[in-house]
Each structure stands twice: as C-alpha cells, then as structure tokens.
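Q: Hi! I'm new to reading protein models, and I'd like a close look at one part. Could you walk me through it step by step?

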Amino acid sequence: MKRPLEGNESGNNNKVPRMGNKGSKSENSKQENMSEEKMEVVATGEVDEKLYSRQLYVMGHEAQRRMMASSALLFGLSGLGAEVAKNCILAGISSITLCDPNEPTSFDLGGNFYLSSSNIGAGKSRAELCRDKLAELNQYVSVNTTSVPSLTSQHQDDILSLIDGVSVVIVTIPLAQSLVIAMNEKCREIGASFIYSVTAGVFSKVFCDFGPAFVVSDKDGEQPHQSQVETILPDNPATVKVLEDQGRHGLETGDYVTFSRVKGLDGQFDCSKEYKVISTGPYTFELDGVDLSHISEENSGTQGYITQVKKPVTMSFQTYAEALEKPEDLMMSDFAKFDRPPLLHLCFKALHAYMDKHDGELPNPGNVEEANEVVALCKSLDTENAFNDQVETLVKHLASGSKAVLSPMCAAMGGIVGQEVLKACSGKFTPIKGFLYFDADETLPDDLLPVDEVAPTGSRYDSQIAVYGKTLQEKIMNQKKFLVGAGAIGCEMLKNWALMGVGCGEDGHIHITDMDRIEKSNLSRQFLFRAKHINNFKSLCAAEAATEMNPDIKITSYQEKVAQETEHIFGDDFYDKLTGVCTALDNVEARLYVDQKCVFYRLPMLESGTLGTKGNTQVVVPHLTENYGATRDPPEKSIPVCTLKNFPNQIQHTLQWARDYFAGIFTQNAEDVNAYLSSPDFAKQLEGQQNTKMDTLKSIQNTLVDERPRSFEDCVVWARLKYEDLFVNQIQQLLHNFPEDQITSSGTKFWSGSKRCPKPLSFDINEKCEDAEMRNHFDFVVAAANLRASMYGIKGRTDEEYFVNFLKDVIVPDFTPKEGVKIAANDAEAEKQNDGPEDVDAEADAILNSLPKPSELAGFKLSPIEFDKDIDDHMRFVTACSNLRAMNYSIPTEDNHRSRAIAGKIIPAIATTTALVTGLVCLELYKIVGTPRKELKVDAFKNGFVNLAIPFITLSEPTPPAKTKALIKGKEWEWTAWDSIDVNKGDITLAELMEHFKTEYNLEISMLSQGVSILYSFFANKKKVEERMPMPMSKIITSITKKEFPPNQLFIILELIANDLDTDEEVEIPYVKFRFR
C-alpha cells in the first residue's frame, strides 16, 4: 500500500498548482505560471486501481492523479461540512485541513454523522471531534485540523493566513459577508478556487469562483463519440459518411475528430491529424478546409474509425462580491419553480444581513418576531420589486428553519459541493458558474408551526423538530422500512435514516438485506465500511455502523436475495407490517420484483440509481403516482452470433468473444469433465442435448485425454498452440472460404461495410499493439497457461525469462486450410446450418466408449474457473485475447482498465452522486410520512435527474398511474395498477365468493383462476363444480396444485372474468386480493 501523504496543522505546505487559472494583471505572473504547471502536472504517485476501481471510470487516471496532488481547506464541520469532507476524502485528494473552532450543538446532530450527544458540552471543537473518524475513510488522504479563535471578522487575518498553499477553499457554514468576500479575494490572489455553501433547513445555496480563466479539460466526462467510416468521398470539402448500422456519429459543427485505419484515398489521407467537423446530418459530415477532389472516386476512403477529440474549455467566474450584487448566472434545479432562484438570492441576502446585525446569530425556530425582522430586511434589499406574498412565505420559512441542519439536505448539497471540489482539483467537468439555489419548501406546512411544536428539546432531532415539529418527528421514528441493498446507496441511505431517527421509535424498525460481501473496491464510496470489514457481509456491517451513529435505531440485517425463492422470509406477514420500501439495487430485474410487491401491498417505494456523475430518483406513492415498472427502457441490443464468430468490427465484439471463450475453455470444459466423472447417468443426460452433444463429448475428450497436461510445460505448449489456432489458423480458414477480393452475388465486395477483412497474426513475444501498447502475444500465453494449470491443480509461474526460453522450442505444426468447411456469412445461414438433420449418435457413442471410465480416475476432479472482472489474471487473459482478435481485424485495441469496464459491464460510480441522490430520496420520505397540517397532491412529489458533470439538476412531477374504466352497478369506476378487489372475509367457500360478487358488485363470475390453475369456469364439468362450491378457497387450490400454502402466506391472488348481471357485458376489473388467513 502507498504511504499516506504527510500533512501538518495548517494543511499541505507544498503549493499545488491549480487547473488552468490565469489571473488578471494585478494577480501577476504567479497564477499564469500555476496555470501552465497545472496543465502539465502528472502526479508521480501510483493510483490504487483496486480501491478507486469504479471511480476511475468516472474521473479517469489523469484527473485522479491531479486530485492526488491537490489540497483543500474546509471551514465548518456541521452537517454539510462533514458530508463534503467525507466525499472528498473518499475520492482521494491529497490532503484536507479542517477548520472549525465551534463546539457542537444539538442542531449539528441532525446532519453530522460523526458527532453524538456525548460530544455536546465536552469542550472540543467540531473539527477536532470529526478528524479521526474522517481520517479512517482513506489512508491515502492526509486529514489535518487547524484552528483560529473564531470564524468571525475579528480574526480575519488569522483566517486568511491559513489559505496560503491550498488548491481549493470551501466554506460550509454561514459567515459574515465581509469575511466571505475577503476569503474569496485571498483565493483570487493566490490562484485557489473558492466555494461557499450553506444549508438552512430545506433551503440551500452554493457559490463557486474558480477564477478569471479556469481551464476545464473535459466539460462533460462523456466518452468521445466514435463511429466507423462507410466512405470518405474525395470532394472539396471531403465528405464522410458513417455506417448507419453502428448508430449516428453524434458530432456537432466545430467538433474535432481523428481517423485511424482508413483504406483507400491513394494513401494521401493523414490519419495523424485532427480535422474540424461541419455536421451535415446524423450520418454525414464534412471536413472543414480539406480538399480531396484531386483523388478519383474509385479510390474513396473506406472502413476507418472516427474518434472525437475533446478540447479544453476556459471559463471565467464572478467573485462573490460581484455575484452578490449582480449575479450573471443562477442555476435552475426545478422547472416547476422557474422563478425561484432570484427570489432565494434575495431571501438569503436578507438572512445574511440579519446575521451581520445580530453578531452572527440566526433566527430561532418558530419565532415570528425574528422571522418578521428578516422579512423587513428582505423588503429593504429588494431593488427589483420582486417582493410578494410568495417571497414573504419563503423568507419566514427560511428564517424559522435557518438553524436546522437536516441530514437529507446536507447529503444532497454535500454531493454537489464535493463534486465541485473535485472539479477544482482535477479540472475535469464543468463547474457551477456563480450561484445554485435549491429548496424543498413543498415539504413544509403552509404557515409556520407554533413555537411549542418546533422549540428545541436538547435531543439529537432538534433540527428536524425545528422544521417539521415534534408530531412529524414521532411519525418518522415509528416508520417500519425495508431497505433492499447495502451498497453505496444503501450505506448513504442508512446514514441519513440514522440521523433522521427512522426506525428509532417504540414501534419503528428497519430491515436491511444484501447478500454481497465487502470488497476493497467498495471502500471508495460505501463509506460505512473499512478495510477491516473486507469479506464480511455488507448488510451486517452497515447495520452495526448505523447503530453506532444512533444507538436508538432498531435494525435487523439479512443476507438474503429478495426474490420468489425467499418469500418464506419476505412474505405476506413481513410486508403487511411495513410502512414503506427503499431500493438500493444495481439491477432492473430485482427492482421490478420489489416494485410488484409494493404495488400488491400498496406500499410507497423510494427508488434511486447512479451511473457515474448521473443519478436519478423516483418516488412511488400508492394511487398517486405510477409504479416503477409502469415504464421500462428498451432491452439492450444483443450482438449477432455471426458478428461475434467471424465478423467483428468493434472492441465490444472482441471482448464478448474473449469472455465467451474464457467461459467455454476454463469453466464449461471443466464442468463437463466433472459431470462425466461424477454422474452415473451421464450418457442419459446427453440424450436431451442433441444439438450440443458432440461439442460436449469432444471437449471432454480433449480436456480429459488428448490435451490433459501433466506439467506446467504442457500448459505452456497448449497455450502457444491455442494462440496459433485462434489467431492464425482460423483466420486462414476464413480467408480461404472468403478471399479478400471476393465479390457477392449482387456485385459488391464481400469484405466491405462492417465486414472487415482479417489477417493472421504471426506470433511475436515482444510485439506491442499500437493503441493500448500491450504485449498481447506474451500476455495471452502466460495467462492461458496459468489458468490451464490452475484448472488442473498444477503450480504455475509468470517469470518472463522462462517463457522466452521455453517458447523457442515449442513446435507449431503447419496449417493448410480445409476444403468443404462451412462458415456462415450471416445469422440466417447459421440458423439454416444448425437446423440441418445430423445423425451424431454413432460418433458420440464411439467417443463415449473411448473415454477412460470414471472408476479409473477416482478422486480426479478439475477446478472450473468462473470469470471475475476483478481478478487480474482473468482480465489479463480476456484483454490479451480480445486485443489479438482486434488486431486480426484491424480494430483499435484497449488497455486492461478499459477492457475490464466493457467485459465486466462495470457501472461507474462516485460517492458524490450517491450522496446527492440519497439526499433527494430522503426529502421525498418527509412527504411520504406526511407534511404537517397539509395534504400533499402529486405535484408536491419530485422525481429527479442529475448530472454533476455538466452540471445539471432537474426535478419533475411524477406521472400519475394509468386508469382503466369499469361500470360497476351502473357507476363508473376508474381503477389503476394500485387497485384490486379486496376480499377480507376469511377462507370462504367458492359459493360464498361468487355470491359476494353478485351482491357487492352485481357481477357474475364466468371464470376464476389462480396462477395457471382454473378454479371455476362456466363450461367446466358440472359434477366437479358442485364438489368445489362448498369447499374453502384455499382447499380448492391445494387440491389442484397438490401444494400446501406457506405458513406466512396471508393472501391469494385470483384472476376472474365477470359479466354485469343486468347487461351481460364483460366488465374489465382488477385482480382479487383474497385474504384467507
């Protein structure tokens, strides 16, 4: 492990140049030099790819190294400060210095997860109390404290002296306006970025000043657009058409691109140059200023690859003093509140004016007189005549809740501010320009609550009480929630719930489940876990950490999947006691299952997900909103089999092929051998696998007899011959069947468009590929030999000298392409070949009889190797195998890091986005529990979509559920997916159920079913119907299915077809929810 960077009380003394800031003339050449240095800086420290694995797919190695060379100074360790510090430390900046001389109050306990009731009055500052626990988050980050007598203008010089030598300064508590302006000016002077953010109840603001010329290396973090050339027409200007079946080029006029592996154009096209684009359509663009008209059309360019070149962008910011008076940019976050940002700008100015007038004190909760004073200040500061009744309500709520430190708001803003810090350190992604204002006033009552309802009690929930009152706090504490997943979102959610008091009341409880164990790569974003927890269950460790934060929490952890097979645990009796469900899952299938349960039990569901800097939240409220499964994304496109097998044109194709090959040769082959050796009826099992029988038997024969190694040397020979087979012989056979100059029946070249003509690869142990610069020939043989050895229980080795010397003596047989070998040119031909009748029984029996008898190999067993993207040996093989195939087909190769992401389908992740989405979700939880003295409609709830890279935040009203109309007893009934016909009469008979529908709904049942079993139909055998009429419903079902109901099942779902008794017309109604216990 790399040793953490040293630090001291005042932060990192080594001045770290900042990304791209050029000062004004008054700031002289210091900033200019820093700008140039920073653009060139590449930290020498190695990036711990195991720890930062998922984050590296968000930030990239270069940005990560810049962060590892940057230092931050953080003022304020209340709730927001703790969140920002946590996110920055997890991300891996070099050092962070904490400055907050204030002692904690009961209000701080609402948002700071490292403070407890015992810290109040203990004589220690918030910074001192938090430092050690924050330092535990990442051993690579130096976490220091420094102090001043107070964070007031009186000690301004002391405060400003701390700023020297840091990359970014963050202020997270309200300070005197004059002091904030002075701190900002000091940052400008030394070329440091400045961020000021405060939360006040459900209101918050963020301000960023990254200087007059801040260079952004990558404005959005998206992968460069890539496409494939169909033709480059030799015009003036040259026109490029991309392959339409590969998708749109995604380029805009003014973008730059590079080309590679272009054929044609008489070799006069320079692929090393960058070309400026003029977009002329989704599949065409021109190359600005490029004249190729002197080349004949027959020699048009074909089959190359196009890659967008991302260019740096320079941004200019206002200072805090300038933006306070005339803000140029006020970022929008909720389009239902499009006029809100300027109003909140005015409201916060009034609140800061109140503070300056009252020696830094904020108004007290529920104090009407103090709130009115802020209102008066707001009116006096209003130069735009914006003040109205709406502003007055906003100001009063802002003033009354200004002391409150709410965990959800701190988490949301901590995610946003944390990402801004990382932007300042790395130069990656677009910073917030000026102010962002954010609020959740829709969670508040229309009027201020009475003083006795919001007055502090000295408890850890004083902040929440100050905003929502004691009554709602009690409801929150008695919530019974089910949290599905204890990964990144699960950890953040549990932290928020512990601070909010969810499940801490007499009747409250939290159930959390996750079947996964903790891995090292989890530690950079799942902040409840430490290195000592690796290999322990996530749910267990998360529950223990939450209990440490709030000892009153009642929590039960499970290590079970939530699925049909665990309904004996999570069944009717379990869901019947819940007040809601929150998903923290990483796959759609599990979400859909949980969603179905929430619809059935009519439980609210809080759903969220992240993808790098992007995140989404969805609140599902029974009867008010559509459920999660009501709308679905289109299924992912699969790669055609023939493309994978013979005609790849993208690295995704070769990586999938390499993964499939890994699974076949190291997993399936070993499992087939083990099945043969251990199953007495193996031959009988093969009878049901007519299409794959021969492949299975041949692989057993090769693995167990023909190619069975006795030593590691045999494994190396096998690996070298496999190289020859895959990347030389098979390619020669393909070219024999389809020569390079082959013409199709339509007169076009066979090898054109997306079909790339391959070439064999002569083995060269020293060769490196031009794109990824990897020794794929060497890596393939080393990885394949060692995996093969591991499968047979043979000790392997990786020293290069041994392989170089040994491989010289390996004899590789010559290969001659065979006649009569059928290779399908497309999927249709492949299907036709597979459908053809083939009698393989005689050959199969011959192979089976030639194999050694299992009794002759008693005790012999192979070790199947399951592919794991996080095991380097596995990835070494897959990457090398993929790259070699890519080189066969002149496809650009990828390094191990990028190959791991594609082959392992890794979801990029970073702690900042996770914190933001869980904060937004918990704001919705307040609404679900119930806003005091106010009934919420659907427009009060918010679904969210965020992209911290751009940055972009939008909240929108959820979609109401779709309605179906039915006529019951002459009255129209509009029902939705949330509705069912509930029958709670116990285990009544079939006759009683049918009578119930006649009397209650005027409906006659013509067919009744449960699952696949028909319980009643009008055309059924009369004798059978008569037998069933007096039987209880549960008995009828068990008599048909021959299965007893689980003891925890309370409900039976019945589907029926029914007609109106008066009109005899069929009536479309929802399912029947029949409670039989």
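Does Phe482 count as buried or exposed, and why?

A: Happy to help! Keep in mind that this is a predicted model. Phe482 counts as buried, because its relative accessibility is 0%, and the cut-off for buried is under 20%.

Now look at where Phe482 sits and what its ring pairs with. Phe482 belongs to strand S17, which covers residues 480–484. The structure holds 56 aromatic pairs, and one of them joins Phe482 to Phe574. The two rings meet edge-to-face, with 4.8 Å from centre to centre and 80° between their planes. The label edge-to-face applies because planes over 60 degrees apart are counted that way.

The partner, Phe574, lies in helix H16, made of residues 572–575. Phe482 and Phe574 are 92 residues apart, so this pair links distant parts of the chain. Phe574 has 9% relative accessibility and therefore counts as buried.

For contrast, turn to Ile950, in the loop between strand S23 (943–947) and strand S24 (952–956). Ile950 counts as partly exposed because its relative accessibility is 41%. Together with Phe335, Phe945 and Phe952, Ile950 forms a nonpolar patch on the surface, and the four have about 360 Å² of accessible area together.

Aromatic rings also come together elsewhere: ring pairs link a cluster whose members include Trp657, Tyr661, Phe662 and Trp718.

Note on methods: Residues numbered from 1 in each chain as written. Predicted model: local features only at pLDDT ≥ 70, side-chain atom pairs only at ≥ 80, totals over all residues. Heavy atoms only, no water. Patch = residues over 30% accessible without salt bridge, like charges linked within 9 Å, V, L, I, M, F, W, Y side chains within 5 Å. Areas by Shrake-Rupley, 256 points an atom, 1.4 Å probe, with all protein chains shown as cover. Salt bridge = Lys/Arg side-chain N within 4 Å of Asp/Glu carboxyl O. Helix = DSSP H or I, 4+ residues; strand = E, 2+ residues; numbered from the N terminus. Buried < 20%, exposed > 50% of the residue type's maximum accessible area, 1.4 Å probe, protein only. Phe/Tyr/Trp six-rings, centres within 6.5 Å; stacked < 30°, edge-to-face > 60°.
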